[in-house]
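Thank you for making time this morning. I would like to walk you through one model, moving from its cavities to its sheets and then to a few single residues.

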Amino acid sequence: MKPHLKPLVKQLLSSRGVGRPGAAPADTLHAPSRPYPNGWFCLAFSDELRRGSVTTRPLAGTEVVLYRTTRGLLRAVRPQCPHLGAHLGVGGSVEGEDIVCPFHRFAFDPAGACVRTGYDKPPPKASLSQYPVREVNGSIYVWWHALGLPPEWDVPALPMDERQPYSHDTFDIAGHPQDVIENAFDWGHLPALHGLKDLEIGGAPVAGKPVSTVTATARGTMMRGSRQSYTLTVIGLGTIAARTVLPRGAGNLYVMLHATATSAGRIQLRFGTKLELAGIPGVPEKIGRAAALPAARLLSAVLQRVASVDTGADLLMWHHQEHVEHPKLAKGDGPIGRYRQWAQQFYTEPTGGLVPPLPSRSEVSRSEE
């Protein structure tokens with residue numbers, strides 16, 4: 001990273017926002033010109049939603065209530081109780097396998113059906129509106145489509161140890177998911193902004209395929225001491241997952257970047273780092289395996305801080321970036337034009353503006369499958 005950017009990035013990392021005297025966030029300067037994209041978007045890392053917990057997250061101009069039952073089933077629902085409209089995320093609770101409304105204590109089972117009231121009377125024929133939800137790669141994804149259509153594809157599972165959580169941060173900034181995911185194909189910014197050297201990179205999105213792969217080798221990555229190879233898995237317009245295989249079979253390093261539209265012109269960036277160790281060098285194999293998981297968790301927190309510096313430079317750019325519909329590309333930029341053509345598959349022009357319709361009541365989560 002260039003030295004003059006470091007003070008700005010440090011301010012970002014300490015405040016969870018981006019500020020620069022004299023420069024306004026991009027969403028305050030012009031009306032958003034692009035609709036929300038369709039697809040799977042991360043609303044939380046897995047460790048943020050423990051059994052019996054309820055939380056509310058913004059998504060595409062609306063809100064989603066996430067909860068996990070006592071048995072571990074994950075659900076995503078529209079916030080309003082169908083009885084009298086109370087917000088399930090404000091005082092709602094999980095009792096066994098049911099989510100209970102705080103207003104009149106109407107309870108709803110994992111299929112969304114109302115199973116009891118707070119008056120010891122028969123429940124009405126009512127059900128919650130459920131969003132399709134998946135838990136994969138240590139992340140919780142919710143499907144959003146401008147026309148309320150069901151999922152057309154699934155999030156691929158990467159070869160990782162699900163026991164190992166991410167060290168992670170979330171940032172609320174101006175921007176659009178398409179510009180964030182474009183980073184995987186904007187190869188020119190890697191030496192210019194991040195200082196990578198001897199960069200060898202390849203891969204381009206394939207028309208009609210929702211997942212793309214980029215492979216790269218470079219010096220100056222998070223593993224500063226040597227030349228490293230890594231693979232980027234691009235999942236729709238919501239996720240870039242980077243995997244680096246450590247030398248001598250030591251394990252894997254994962255860096256996850258999730259971009260989720262929260263409202264017109266605003267996004268939440270979820271950024272996580274996870275180190276998986278096969279053992280500890282110099283320690284007997286049996287002891288090393290037992291100690292690998294706690295050691296990896298500690299090192300993941302350290303690496304998250306290191307990686308945040310480089311990622312912070314990108315966040316600074318996105319927060320003030322205005323989308324250029326017809327960019328003047330130069331040799332060395334990477335396959336940006338092909339990426340933008342590929343990205344069009346994730347859009348459906350919604351009717352009536354940017355606010356999506358309610359999710360289908362008939363769509364049932366498959367998170368427990």
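Let me begin with a lining: that of the second largest cavity is made up, by class, of seven nonpolar residues, with no polar and no charged ones. Please keep in mind throughout that this is a predicted model. The cavity in question has a volume of about 30 Å³, and the structure holds two cavities of 30 Å³ or more. The residues around the second largest one are Tyr-36, Pro-37, Phe-41, Leu-59, Ala-60, Trp-144 and Ala-261.

One of these lining residues, Ala-60, deserves a moment of its own. Ala-60 sits in the loop that connects β2, residues 54-59, with β3, residues 62-68, and its phi is positive, at about 50°, even though it is not a glycine. As background, most residues other than glycine have a negative phi. Is Ala-60 buried or exposed? With a relative accessible area of 3%, Ala-60 is buried, the cut-off for that word being under 20%.

Asp-198 makes a useful companion to this, since it too is a residue other than glycine with a positive phi of about 50°. Asp-198, however, is found in strand β13, and with a relative accessible area of 44% it is partly exposed.

Now to the largest pocket, which has a volume of about 360 Å³. Its lining comprises 20 residues, and those that lie nearest the centre are Ser-46, Asp-47, Arg-68, Glu-135 and Glu-162. How does the lining of this pocket divide between nonpolar, polar and charged residues? There are five nonpolar, six polar and nine charged residues in it, whereas the lining of the second largest cavity, as I said at the start, has no charged residues.

Let me turn to the sheets. Strands β2 and β3, whose connecting loop holds Ala-60, belong to an open sheet of four strands, which is ordered β2-β3-β4-β9 and paired in the antiparallel sense. Its edges are formed by β2 and by β9, residues 130-131, and because each of these has a single partner strand, one side of each is left without a neighbour in the sheet. Within this sheet, β3 pairs with β4, residues 74-77, through four bridges in the antiparallel sense, and Leu-66 has Ala-76 in β4 as its bridge partner.

There is also an open sheet of seven strands, again with antiparallel pairing, and its order is β12-β18-β17-β16-β15-β14-β13. Which strands stand at the edges here? They are β12, residues 167-174, and β13, residues 197-202; each has a single partner strand, so that one side of each remains without a neighbour in the sheet. On average, and with direction ignored, neighbouring strands of this sheet are turned by 15° against each other.

Going through some of its pairs, we can start from β13, the strand in which Asp-198 is found. β13 pairs with β14, residues 211-219, over four antiparallel bridges, and Gly-202 has Thr-215 in β14 as its bridge partner. β14 in turn pairs with β15, residues 228-235, in the antiparallel sense over eight bridges, with Ser-212 standing opposite Val-234 in β15. Further along the order, β17, residues 251-263, and β18, residues 266-277, run antiparallel and are joined by twelve bridges, and His-258 stands opposite Arg-270 in β18.

I will close with two buried residues. Thr-311 is placed in helix α4, which covers residues 285-320, and at 15% relative accessibility it counts as buried. Apart from its neighbours within four places in sequence, Thr-311 is in contact with Leu-257 and Phe-271.

Pro-110, the other one, lies in the loop between β7, residues 107-108, and β8, residues 114-116, and with a relative accessibility of 16% it also counts as buried. What does Pro-110 touch, if residues up to four places away in sequence are not counted? The list is Tyr-67, Leu-73, Arg-75, Glu-97, Asp-98 and Gln-130. In addition, the C-alpha atoms of Pro-110 and Ile-99, which are eleven residues apart along the chain, are separated by 8.0 Å.

Technical notes
Residues are numbered from 1 along each chain as its sequence is written. This is a predicted model: local features need pLDDT of at least 70, side-chain atom pairs count only at pLDDT 80 or more; totals for chains, interfaces and linings use all residues. Side-chain values use heavy atoms; hydrogens and water are left out. Two strands pair if DSSP finds at least two bridges between them. Axes are lines fitted to C-alpha atoms, for helices over the stretch in contact, and angles run from 0 to 180 degrees between N-to-C directions. Buried means under 20% relative accessible area, exposed over 50%, partly exposed in between (1.4 Å probe, protein chains only). On a 1 Å grid over the protein atoms alone, a cavity is a set of points where a 1.4 Å probe fits but cannot get out, and a pocket is an open set with protein on both sides within 12 Å along at least five of seven lines; lining residues have an atom within 4 Å of a point. Grid points are joined across faces, edges and corners, and a volume is the space filled by probe spheres set on the points. Ala, Val, Leu, Ile, Met, Phe, Trp, Tyr, Cys and Pro count as nonpolar, Asp, Glu, Lys and Arg as charged, and the others, Gly among them, as polar. Contact means heavy atoms within 4.5 Å.
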